[in-house]
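Me: I'm new to this one and want a quick tour. Can I put it up and fire questions at you?

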Amino acid sequence: MWCLPFCLICIALGVFGSENQVDKAMENAKIVPDVIVVGPKKLLQVNYLSGVKAELGNELTPTQVKDQPSVVWDAKPNSFYTLYLADIDITTGGAQPKENEWHQWLVGNILGGDVNSGETLTAFVGSGPPSKTGLHRYVIFVFEQPSKLNFDEPRISNRSIENRDKLSIKKFASKYNLGAPVAGNFYQAQYDDYVSVLYQQFGVN
């Protein structure tokens, strides 16, 4: 399981806090090129109701990030955007384990910076890293769409885990011609007591 060293967290919160260094922080965290080919240049502000915020690799708890955050970026008022949030450290079992993205939130056709105006493809759920799996990286990207799009993805409710591990953001971005993300951020989290509450929401014991 990948873990961002403390020294890199310090760098990310210091030097990499400036918008033009977001992609560098993601390269150091191996988000680029493993998850996305080209990283965003600008910072996506991600603020949670608990009072915490994502800060390029800081550690937050599932309890702190259980509610849908507010997100702010330098949006063009007449452009459409796609928002994506995922745990990128989910490991599947079997003879040849592999890393999968498990997406928590996916919204398309966001007009300007108003997420509420968008089309929810996957309803938001908080972070749910399994017990004894250490720190997981959670990435959140915003892509500028070429136009308003017709998405053929399955619609996923906040009580369903179906298909949440079936989406690769690289393939999704290529499919809809989204290009590189225009803004992004990431944080880390590991298991706490809220995760069992989330699993109950999914009907998983």
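Me: Where is the place of Asn 163?
Reply: Asn 163 sits in the loop between strand 8 and helix 3. Keep in mind that this is a predicted model.

Me: What is the phi of Asn 163?
Reply: The phi is positive, about 70 degrees, although Asn 163 is not a glycine. Most residues other than glycine have a negative phi.

Me: And is Asn 163 buried, partly exposed or exposed?
Reply: Asn 163 is partly exposed, because its relative accessible area is 32%.

Me: What about Asn 177, what is its phi?
Reply: Asn 177 also isn't a glycine, and its phi is positive, at about 55 degrees. Asn 177 is found in the loop between helix 3 and strand 9. Its relative accessibility is 58%, so Asn 177 counts as exposed.

Me: Let's switch to peptide bonds. Is the one from Val 32 to Pro 33 cis or trans?
Reply: The bond from Val 32 to Pro 33 is cis, with omega near 5 degrees. Most peptide bonds are trans. Pro 33 belongs to the loop between helix 2 and strand 1.

Me: Now strand 9. How many of its residues are buried?
Reply: Strand 9 covers residues 183-189, and 7 of its 7 residues are buried.

Me: Which residues point which way from strand 9?
Reply: Ala 183, Asn 185, Tyr 187 and Ala 189 point one way. Gly 184, Phe 186 and Gln 188 point the other way. In a regular strand the side chains alternate between the two faces of the sheet.

Me: How many bridges join strand 8 and strand 9, and in which sense do they pair?
Reply: There are 7 bridges, and the pairing is antiparallel. Strand 8 covers residues 136-144. One of the matched pairs is Arg 137 with Gln 188 in strand 9.

Me: How do strand 1 and strand 9 run, parallel or antiparallel?
Reply: Strand 1, residues 42-43, runs parallel to strand 9, and 2 bridges join them. Lys 42 has Ala 183 as its bridge partner in strand 9.

Me: And strand 3, in which sense does it pair with strand 9?
Reply: Strand 3, residues 58-59, pairs with strand 9 in the parallel sense, over 2 bridges. Glu 59 stands opposite Gln 188 there.

Me: Let's do charges. How many salt bridges does the count come to?
Reply: The count comes to 8 salt bridges. Side chains of opposite charge can pair when their charged atoms come close.

Me: With which residue does Lys 42 form a salt bridge?
Reply: Lys 42 pairs with Asp 74, and their closest N and O atoms are 3.1 Å apart. Lys 42 lies in strand 1 and Asp 74 in the loop between strand 4 and strand 5, so the pair ties together parts that are 32 residues apart in sequence.

Me: Is Asp 74 buried or exposed?
Reply: Asp 74 counts as exposed, at 59% relative accessibility. Lys 42 is partly exposed, at 36%.

Me: What does the side chain of Lys 41 meet in a salt bridge?
Reply: Lys 41 meets Asp 23, at 2.9 Å from N to O. Lys 41 is in the loop between helix 2 and strand 1, and Asp 23 is in helix 2, 18 residues apart. Asp 23 is buried, because its relative accessible area is 6% and the cut-off is under 20%.

Me: What about Lys 66, which side chain does it meet?
Reply: Lys 66 forms a salt bridge with Asp 67, at 3.4 Å from N to O. Lys 66 is partly exposed, at 34% relative accessibility. Asp 67 is partly exposed as well, at 30%. Elsewhere, Asp 152, Glu 153 and Lys 175 are joined into one network by salt bridges that share partners.

Me: Last topic, the nonpolar cores. Which residues touch the most other members in the largest one?
Reply: Ile 31, Phe 141, Phe 172 and Phe 186 do, out of 26 residues in that core. Helix 2, strand 5, strand 8 and helix 3 each give two or more residues to this core.

Me: What is Phe 141 in contact with?
Reply: Leaving aside neighbours within four places in sequence, its contacts include Met 26, Ile 31, Leu 83, Pro 181 and Ala 183.

Me: Which residues does the second core include?
Reply: That separate core has 23 residues, among them Val 46, Trp 73, Tyr 81 and Tyr 138.

Note on methods
Residues are numbered from 1 along each chain as its sequence is written. This is a predicted model: local features need pLDDT of at least 70, side-chain atom pairs count only at pLDDT 80 or more; totals for chains, interfaces and linings use all residues. Side-chain values use heavy atoms; hydrogens and water are left out. Buried means under 20% relative accessible area, exposed over 50%, partly exposed in between (1.4 Å probe, protein chains only). Helices (H or I, at least four residues) and strands (E, at least two) are DSSP runs, numbered from the N terminus. Two strands pair if DSSP finds at least two bridges between them. A salt bridge is a side-chain nitrogen of Lys or Arg within 4 Å of a carboxyl oxygen of Asp or Glu. A nonpolar core is a set of buried Ala, Val, Leu, Ile, Met, Phe, Trp, Tyr and Cys residues joined through side-chain atoms within 4.5 Å. Contact means heavy atoms within 4.5 Å.
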